[in-house]
Amino acid sequence: MNIILFGPPGAGKGTQAEIISDELGIPQLSTGAMLRAAMKAGTELGLAAKAAIDEGSLVSDEVVIGIIRERLAESDCANGFILDGFPRTVPQAEALEKMGVRIDCVLDIAVPDEAIVERMSGRRLCSACGASYHVKYNPSADGVTCDRCGAKLIHREDDKPEVVLHRLGVYHAETEPLIGYYTNKGLLKAVDGCGAPAEVTALVREALGI
Ligand code: AP5
């Protein structure tokens, strides 16, 4: 199954993608995680993306389309994949279509803006393995280190409230038009993302028919 997980920043795309990826045995392709890994490694791509990510703007279509084209060509995508954070603009969606990639379902995880800022300000990420936690909704056992690998948890630069507000503005202006784009193709299913993570997972499973 080829799935797009869509929604505003902090809607829970990554949280749900990880669960569904394990259940279906297909990879989670997060452009955000790929870009952050490139930043951490100090590659040319990472350096080029850093300014846009830190201020909460989008990295150029050309760059992210290139990353996804390469990633989709890898063998583990042959039996399906979950796109998490891509496409984010109409040109990115059109590029995906031009690559000949079939999409089975676009799940729109809907969460109002008011809830987003609280989610982002409480999010903590493992500095080593990237596991995601929330200080209130999904805390690690001791609150400061990762349950999986023991590394220190960090607060993303772009999760600061002023940057989150900018990211939400970018989402409404540049990404939300994709709701109409995929509705017109009969692919969009909306899922209420406001409940607890396990409740949202149940709705995601139902929408995917798994
Ligand atoms: P990216 O990393 O993709 O950020 P995002 O889309 O803004 O999504 P997030 O990862 O912030 O949130 P999420 O929806 O995955 O939520 P999560 O599950 O973590 O992109 C970062 C940047 O990279 C962009 O700003 C841009 O610069 C660049 N970029 C990436 N892709 C790009 C593209 N295609 N084009 C151009 N630029 C691109 O959950 C959030 C928090 O809430 C967590 O703490 C979690 O534990 C908690 N939580 C999750 N679900 C629930 C729930 N149901 N109830 C309560 N808390 C919950």
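Student: How many residues surround the ligand, and which are the closest?
Tutor: This is a predicted model, in which local features need pLDDT of at least 70 and side-chain atom pairs count only at pLDDT 80 or more, while totals for chains, interfaces and linings use all residues. Residues are numbered from 1 along each chain as its sequence is written, and side-chain values use heavy atoms, with hydrogens and water left out. A residue is near a molecule if one of its heavy atoms lies within 4 Å of it. The shell around the ligand holds 36 residues, and the closest are T15, S57, R88, R123 and R167.

Student: Which helix gives the most residues to the shell around the ligand?
Tutor: Helices (H or I, at least four residues) and strands (E, at least two) are DSSP runs, numbered from the N terminus. At least two shell residues come from each of α1 (13-24), α2 (31-41), α6 (113-122), β6 (132-134) and α9 (197-208). The element that gives the most, with four residues, is α2.

Student: Which residue places a backbone N or O atom 2.9 Å from a nitrogen atom of the ligand?
Tutor: A polar contact with the ligand is a pair of N or O atoms within 3.5 Å. Y133 has a backbone N or O atom 2.9 Å from an oxygen atom of the ligand, and a polar side-chain atom of R156 lies 3.4 Å from an oxygen atom of the ligand. The backbone atom that lies 2.9 Å from a ligand nitrogen belongs to G85.

Student: Why is the sulfur of C146 not bonded to that of C126?
Tutor: A disulfide is a covalent bond between the sulfur atoms of two cysteines. The rule applied here asks for a pair of cysteine sulfur atoms within 2.5 Å, and by this rule the count comes to zero disulfides. The closest cysteine sulfur to that of C146 is in C126, and this is too far for a bond because the separation is 3.8 Å.

Student: Is C149 buried or partly exposed?
Tutor: Buried means under 20% relative accessible area, exposed over 50%, and partly exposed in between, with a 1.4 Å probe and protein chains only. C146, at 4%, is buried. C149 has a relative accessibility of 42%, so C149 counts as partly exposed.

Student: Which residue in β7 is the bridge partner of L125?
Tutor: Two strands pair if DSSP finds at least two bridges between them. Strand β5 (residues 123-126) pairs with β7 in the antiparallel sense over two bridges. The partner of L125 in β7 is I154.

Notes
Polar contact = N/O pair within 3.5 Å; in protein donor to acceptor, adjacent residues only side chain to side chain.
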